[in-house]
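Work through the exercises below with the sequence and the 3D view at hand. Try each task before reading its solution.

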Amino acid sequence: MDPLIWIDEQLNQLSQSDLLRELPVPLCAAGATVEIDGQQLVNFASNDYLGLAADERLVAAATDACRQQGIGRGASPLICGRAEMHAALEKRLAQFEQTEAALLFPTGFAVNAGIIPALVNEDDAIYSDAKNHASIVDGCRLASAETHIYPHGDTESLARLLQDSNQFRRRLIVTDSLFSMDGDLAPLVELGNLAERHDAMLMVDEAHATGVFGTHGRGVVEHLTEQHPRLHDQVHVRVGTLSKALGAAGGFVCGSTSLVGWLANRARTYVFSTAHPAATSAAAIAALEIVAEQPDRRKNLLEKSASLRSQLNKMGWNTGKSASQIIPLLVGSASETMRLAKTLREAGFWVGAIRPPSVPEGESLLRLGLTAGHTDTMIAEFVAALGRLDHQSKHASVVAS
Ligand SMILES: *Cc1c(COP(=O)(O)O)cnc(C)c1O
């Protein structure tokens, strides 16, 4: 018998429960429109929030770097893979985040999978929000620390957990700053105070917020620091990605010189993975310049998002606690979510159909990611298309909420 036969059975099951993922091949996934199978679609499925992924300044910077330095780095950064361009980007990121130092990783996923096990182990404890990104979840699994999952955003539960578990050597609180599926913000001010009160380390992942929130685009920590000046120093470990609003690829961590020095020695996804191309860093540097020079990109994006959200709510859609450019339409069943996504696609709109395992059973949703490239017309046409949907789920989810 074929020892892989179980896989076909599993795939069949996924397919029958509407959970099978396809691997679409769109022409240019970034930007406000995509072409897929010959059809032109308005793209609400990408994380290219500032519309930089296909920006000619990023492309030019990357092309120049490629011509000068080639593509592959040939080795991990500690051996000989680190380029001057990486060092320059790390310096730039540290300035941007107002920390002493920064360290680049091949992806944002690799940052979380690598640094959490480097910060805590068997004598220690982790406190992780129930809706944290999969890469944080996996980082916690790889660390041999005791992991406490607190209910999403629930600082009272977290306070009790911290109170009742003070026997550990080191403690780490970890959270997304802007949650990737619900588009809501973490209660960072309370988390900062709790971390301080309990001598815990606080790690914040700004993957979806970098470039979008805060006066200078540093993220939700900056946004909240404007009202709560102590927060900046209460966050010890800042994580971000270059692959969403910054339009490039790769992840980074920022903090004190000693933190970064330790992680460069001990984070296994840094030590044992080949450095990313210098061209990627060159593109990210160009993106950071645009973020600094064009604050209107993020301002307009958030205004556009608030306006769309209020229109959707008026139509009866439940957008949960979204307070950002990520707007979920909470549907519930995976099959209904797929049906709505398919109808919208026929109408010319690509939205993310988010199903288990990305969300718990019964909490499937359509995820809208707004980007700088979405015009008022595109948004108005999308709202009109939603209005034409016959969807029991709208009223069901409103009643349920
Ligand atoms: C997307 C995401 C990551 C992973 O970043 P990549 O650069 O895409 O690997 C990490 N953390 C959070 C919160 C994310 O949303």
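A salt bridge is a side-chain nitrogen of Lys or Arg within 4 Å of a carboxyl oxygen of Asp or Glu. The model used here is predicted.

**Exercise 1. Salt bridges**

Task: Decide whether Arg-170 and Asp-124 form a salt bridge, and find where each of them lies.

Solution.
Step 1. The closest N and O atoms of Arg-170 and Asp-124 are 3.7 Å apart, and the pair forms a salt bridge, as the limit is 4 Å.
Step 2. Arg-170 sits in the loop between helix H7 (155–164) and strand S6 (171–176), and Asp-124 in the loop between H5 and strand S4 (125–129), so the bridge ties together parts that are 46 residues apart in sequence.
Step 3. Asp-124 has a relative accessible area of 0% and is buried, while Arg-170, at 32%, counts as partly exposed.

Task: Do the same for Asp-182 and Lys-131.

Solution.
Step 1. The closest N and O atoms of this salt bridge are 3.3 Å apart.
Step 2. Asp-182 is in the loop between S6 and helix H8 (188–197), and Lys-131 is in the loop between S4 and helix H6 (134–142); the two are 51 residues apart, so the pair links distant parts of the chain.
Step 3. Asp-182 is buried, with a relative accessible area of 15%, and Lys-131 is partly exposed, with 30%.
Step 4. Elsewhere, salt bridges with shared partners join Asp-123, Asp-124, Arg-169 and Arg-170 into one network. The structure holds 15 salt bridges.

Task: Is Asp-55 buried or exposed?

Solution.
Step 1. Buried means under 20% relative accessible area.
Step 2. Asp-55 has a relative accessible area of 11%, so Asp-55 is buried.
Step 3. Its salt-bridge partner is Arg-57, with the closest N and O atoms 2.9 Å apart. Arg-57 is partly exposed, at 38%.

**Exercise 2. Helix H5**

Task: Check the length of helix H5 (residues 108–119) against the expected span, and say how far the helix is enclosed.

Solution.
Step 1. H5 has 12 residues, and at 1.5 Å a residue it should span 16 Å.
Step 2. The end C-alpha atoms of H5 are 17 Å apart, which agrees.
Step 3. Of the 12 residues of H5, 10 are buried, so the helix is largely enclosed by the rest of the structure. Among them are Gly-108, Asn-112, Ile-116 and Leu-119.
Step 4. At the start of H5, the backbone nitrogen of Phe-109 has a side-chain oxygen of Thr-107 within 3.3 Å.

**Exercise 3. The ligand**

Task: Which residues come nearest to the ligand, and how much of the ligand does the protein bury?

Solution.
Step 1. There are 14 residues around the ligand, and Asp-205, His-208, Thr-241, Ser-243 and Lys-244 come nearest.
Step 2. H5 gives the most to this shell, with 3 residues.
Step 3. A backbone N or O atom of Gly-108 lies 2.9 Å from a ligand oxygen. A polar side-chain atom of Asp-205 is 2.6 Å from a nitrogen atom of the ligand, and one of Thr-241 is 2.7 Å from an oxygen atom of the ligand.
Step 4. Taken alone, the ligand exposes 380 Å², and the protein buries 86% of that.

**Exercise 4. A surface patch**

Task: Say where Met-1 lies and whether this residue is buried or exposed.

Solution.
Step 1. Met-1 lies in the segment before helix H1 (5–16).
Step 2. Its relative accessibility is 92%, so Met-1 counts as exposed.
Step 3. Met-1 helps to make a nonpolar surface patch of about 790 Å², together with residues including Leu-4, Trp-6 and Leu-20.

Terms used: Residues numbered from 1 in each chain as written. Predicted model: local features only at pLDDT ≥ 70, side-chain atom pairs only at ≥ 80, totals over all residues. Heavy atoms only, no water. Helix = DSSP H or I, 4+ residues; strand = E, 2+ residues; numbered from the N terminus. Expected span 1.5 Å × (residues − 1). Buried < 20%, exposed > 50% of the residue type's maximum accessible area, 1.4 Å probe, protein only. Polar contact = N/O pair within 3.5 Å; in protein donor to acceptor, adjacent residues only side chain to side chain. Patch = residues over 30% accessible without salt bridge, like charges linked within 9 Å, V, L, I, M, F, W, Y side chains within 5 Å. Areas by Shrake-Rupley, 256 points an atom, 1.4 Å probe, with all protein chains shown as cover. Near = heavy atom within 4 Å.
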